[in-house]
Amino acid sequence: MARNGIRGTGGAIAVAVTGVAGIAVLLSVWTAHLGTAHHAAQAPAHTTAKPAAAKPVPGQTSVPDPKHPAPPVSMDIAHASDKGDRAVNITVDDGPDPVWTPKILAVLKENGVKAVFCVIGPNATANPELIKDIVAAGHRLCDHSVHHDTTMNSKPQAFQRSEILDAEKMIEKASGGVKPLYYRAPGGAFTPYSRQLAASQGMRPLGWNVDSKDFERPGVNAVLNTVKHELSNGPTILFHDGGGDRSQSVQALEQLLPWLKHQGYVFGFPVR
Ligand SMILES: [Zn+2]
């Protein structure tokens with residue numbers, strides 16, 4: 001769910017700024033630990049920092065921290081579609097759920113649409129057959145953490161790390177070896193560290209432009225109106241298949257997908 005209401009690139013920047021402030025504090029702690037652990041064998045971190053060895057990712061505006069593994073995919077938060085300007089990316093969060101995920105999958109299939117499923121680790125572990133169904137239908141997987149902590153950006157790096165990497169392992173095990181290609185922080189609570197860590201595992205940080213607000217169950221028409229009015233924000237649309245009764249999400253997608261096609265939109269995946 002999107003508790004903090006972040007949307008679009010403006011929200012992404014707000015998160016990045018918050019994250020930088022947070023990481024500065026964390027880095028000073030980290031440096032202190034490093035000094036203790038390595039004693040005099042290593043000079044202070046600020047004099048030993050070296051440029052990242054890996055080649056820069058084309059188009060990446062974030063600067064990877066050389067103290068952490070260099071990411072092979074961009075650590076910038078993705079919003080764009082790989083199908084260009086007249087495309088949308090359907091993203092479905094917080095599942096999989098034994099009741100709602102099959103219904104969402106059926107609507108997507110009916111409309112020939114491929115989506116990204118941002119799944120919570122324990123939900124993947126509990127429903128491996130649904131993860132395999134998602135993959136078999138040609139959809140993509142996204143790591144949505146273990147505990148869906150929307151304050152992750154204010155937690156220690158060790159917590160962020162376990163949330164991301166443990167969920168990734170759960171998802172990969174449930175899928176039978178298919179890796180998630182994206183990482184979406186719960187509530188958009190990214191940090192520079194979490195974005196770099198995810199990207200270093202090949203998972204592109206994934207934002208959104210349009211929050212359908214389906215999580216709040218405002219009625220099918222309200223969900224549809226929100227999406228239609230906010231489509232100009234950008235292509236990546238947020239829906240949910242977990243976290244409660246998602247019948248409005250199913251009904252909204254049943255109407256929205258044909259409407260989008262009629263408007264001339266095609267369906268893509270978020271860029272990686
Ligand atoms: Zn969520």
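Start by selecting Asp76, in the loop between helix H2 (45-48) and strand S1. Is Asp76 buried or exposed? It has 20 other C-beta atoms within 10 Å, and a residue with 20 or more is called buried, so Asp76 is buried. Keep in mind as you click around that this is a predicted model.

Now show what surrounds Asp76. Leaving out neighbours within four places in sequence, Asp76 is in contact with Gln60, Thr61, Ser62 and Pro205. Add Gly207 to your selection as well: Gly207 and Asp76 are 131 residues apart along the chain, yet their C-alpha atoms are separated by 9.5 Å. Zoom out for a moment to see the whole chain. Among contacts between residues at least 6 apart in sequence, 76% join residues at least 24 apart. The chain has nine helices and eight strands, and 44% of its 272 residues are buried.

Next, follow the chain to S1, residues 87-93, and step into the loop that leads from there to helix H3 (100-110). Asp94 sits in this loop. What is the phi of Asp94? Asp94 has a positive phi of about 85°, although it is not a glycine. Most residues other than glycine have a negative phi. Asp94 also counts as buried, because it has 23 C-beta neighbours inside 10 Å.

Stay in that loop and select Gly95 and Pro96. The peptide bond joining Gly95 and Pro96 is cis, with omega about 0°. Most peptide bonds are trans.

Now move along to H3 and bring up helix H9, residues 247-262. How do H3 and H9 pack? Their axes are 10 Å apart, at an angle of about 5°. Angles under 35 degrees count as roughly parallel, so that word fits H3 and H9. To see the contact, show Trp100, Lys103, Ile104 and Val107 on the H3 side, then Ser249, Val250, Leu253, Glu254 and Leu257 on the H9 side. Try colouring these residues by class: the contact has six nonpolar, one polar and two charged residues.

Let's turn to the strands. Select S2, residues 115-119, where five of the five residues are buried. Show the side chains and look at which way they point. In a regular strand the side chains alternate between the two faces of the sheet. Here Ala115, Phe117 and Val119 point one way from S2, while Val116 and Cys118 point the other way.

Which strands are joined to S2? On one hand there is S1, which runs parallel to S2 and is joined to it by four bridges. To find one of these pairings, select Ile90 and its bridge partner in S2, Ala115. Trace the chain from S1 through H3 to S2 and you have a β-α-β crossover, which is right-handed. Then there is S3, also parallel to S2 and joined to it by four bridges. Here, pick Phe117 and its bridge partner in S3, Leu141.

For the last stop, carry on past S3 (140-143) into the loop before helix H6 (157-175), and select Ser145. Ser145 is not a glycine, but its phi is positive, at about 75°. Is Ser145 buried or exposed? With 25 other C-beta atoms within 10 Å, Ser145 is buried.

How values were computed. Residues numbered from 1 in each chain as written. Predicted model: local features only at pLDDT ≥ 70, side-chain atom pairs only at ≥ 80, totals over all residues. Helix = DSSP H or I, 4+ residues; strand = E, 2+ residues; numbered from the N terminus. Buried ≥ 20, exposed ≤ 12 C-beta atoms within 10 Å, placed from the backbone. Axes fitted to C-alpha atoms, helices over the stretch in contact; angles between N-to-C directions. Parallel < 35°, antiparallel > 145°, perpendicular 65-115°, else oblique. Contact = placed C-beta atoms within 7 Å. Nonpolar A, V, L, I, M, F, W, Y, C, P; charged D, E, K, R; others polar. Pairing = 2+ DSSP bridges. Right-handed = clockwise from strand over helix to strand, strands pointing away.
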